[in-house]
Amino acid sequence: MQAVSRRLVQRPLGGGASIYSSSSLRSLYGVSDHHLNGADNRRYSSSLATKGVGHLARKGTGGRSSVSGIVATVFGATGFLGRYLVQQLAKMGSQVLVPFRGSEDNPRHLKLMGDLGQVVPMKFDPRDEDSIKAVMAKANVVINLIGREYETRNFSFEEVNHHMAEKLALVAKEHGGIMRFIQVSCLGASLSSPSRMQRAKAAAEEAVLSALPEATVMRPATMIGTEDRILNPWAMFVKKYGFLPLIGGGTNKFQPVYVVDVAAAIVAALKDDGSSMGKTYELGGPDVFTPHDLAEIMFDMIREWPRYVKLPFPIAKAMAGPRDFMVNKVPFPLPSPQIFNLDQINALTIDTLVSDKALTFQDLDLVPHKLKGYPVEFLIQYRKGGPNFGSTVSEKIPTDFYN
């Protein structure tokens, strides 16, 4: 297998002496101590490996106590998709570096997913280039999951979804030892989309591929899972108010996908022989739904009678608009939007489906789960009276229960 080609850009120091010797490039991870601690700004230039990570030395049978040879920095690992991706990487013996910017409790649950010392939380500042270099220094794989579907006082759509991805790609290009870079975008990303987040994701794809033409782009559809941001808010709203608003009548089409399948697709692309490098994959579920169809599955699982209120787009936008208007005008943080997110309402005005000629799960030798049964069983927690009860059933405790 072809190894990564590396060459050092020599820059004179004072008397013209070379900064690094060639032996520093032959270390385990291909980076110097200076690069690790951000002590200088000397740059490496290299291209990604043409054959992926297939040539890495592996030890063991492939379990969590094995050594896969992969050292992956997963940006955004503390989010929804991140926990499933870290679990799949760690269980195959990879070392996972987890950059985080909040409390030290945020990545705590991830440490249990790998063998001792294999999941390493690292504090970083996404706006500090030296901090990014430090968390990327020991890696040979970089996966960017950073993204957000709403704005805050501190981070705009463009900064989170576009500029951060561009910065990570440029640092990875200068690193000299990054063999794979995977950018996670979203299905429907387009510069002409009515959604600002989708426009920012499309701009991020262009920036990443411009810096690293061999990068792999994943475009997952709306993801479903235990911590998701669609069925959970819907179920909580129904439990509180007894009905579900259908924005725009709930007639637009989309292809929600099980989050575990998306994580598996990223790992499959990472483990191949390099055939996925420079390609874009659209990861949609096997079935096409409307919000009304998906809501029917949700109502059935939480055992509540389906009750809907159809909201025209102008009314829904009027209800969601004040938060977006005030987010940068008040001296305190506003609550995160749940049902009424103006940018997501704009995205609902068009269908979000996998393109006819796009690369999909099948091109990665994967078959996505149908969104019935196990993938949505987490909704049982919203049943009124407990998991064995609910408004649509009449279950009695056996008379000998207390005997």
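Here is a friendly exchange between a colleague and a modeller about the structure above.

Colleague: Before we start, what kind of model is this?
Modeller: Residues are numbered from 1 along each chain as its sequence is written, and side-chain values use heavy atoms, with hydrogens and water left out. Local features need pLDDT of at least 70, side-chain atom pairs count only at pLDDT 80 or more, while totals for chains, interfaces and linings use all residues, since this is a predicted model.

Colleague: What is the mean pLDDT of the protein?
Modeller: pLDDT is the predictor's confidence in each residue, from 0 to 100. Over residues 1-47 it stays under 50, yet 83% of the protein's residues reach 70 or more. The mean pLDDT is 86.

Colleague: How many helices and strands does the protein have?
Modeller: Both are DSSP runs numbered from the N terminus: helices are H or I with at least four residues, strands are E with at least two. By that count, the protein has 10 helices and 13 strands.

Colleague: What percentage of the residues count as buried?
Modeller: Buried means under 20% relative accessible area, exposed over 50%, and partly exposed in between, with a 1.4 Å probe and protein chains only. Of the 403 residues in the protein, the buried portion is 51%.

Colleague: Which strands form the edges of the open sheet?
Modeller: Two strands pair if DSSP finds at least two bridges between them. The sheet has 7 strands with parallel pairing, in the order S5-S4-S3-S6-S7-S8-S12. Each edge strand pairs on one side only, and these are S5 (119-123) and S12 (280-283).

Colleague: Which residue of S7 stands opposite Ile-143?
Modeller: Strand S6 (residues 141-144) and strand S7 (residues 180-184) run parallel and are joined by 4 bridges. Opposite Ile-143 stands Ile-182.

Colleague: What angle does the direction of helix H7 make with that of S7?
Modeller: Axes are lines fitted to C-alpha atoms, for helices over the stretch in contact (heavy atoms within 4.5 Å). Angles run from 0 to 180 degrees between N-to-C directions. Helix H7 (residues 259-271) packs on the sheet, touching S6, S7, S8 and S12, and its direction makes with that of S7 an angle of about 155 degrees.

Colleague: Which residues of S10 point the other way from Leu-244 and Leu-246?
Modeller: In a regular strand the side chains alternate between the two faces of the sheet. In strand S10 (residues 244-247), Leu-244 and Leu-246 point one way, and all four residues are buried. Pointing the other way are Pro-245 and Ile-247.

Colleague: What do the buried residues of H8 pack against?
Modeller: Helix H8 (residues 291-302) has 12 residues, and its buried ones include Leu-294, Ile-297, Met-298 and Phe-299. They pack against strand S9 (223-224), helix H6 (231-241), S10 and S13.

Colleague: Why does Asn-346 count as buried?
Modeller: Asn-346 is found in helix H10 (residues 342-347). Leaving out residues up to four places away in sequence, Asn-346 touches Pro-194 and Lys-317. It counts as buried because its relative accessibility is 18%.

Colleague: And Ser-193, which residues does it touch?
Modeller: Ser-193 sits in the loop between S7 and helix H5 (196-211), and counts as buried at 5% relative accessibility. Not counting residues up to four places away in sequence, Ser-193 touches Gly-188, Gln-198 and Arg-199.

Conventions
The expected span of a helix is 1.5 Å times one less than its number of residues.
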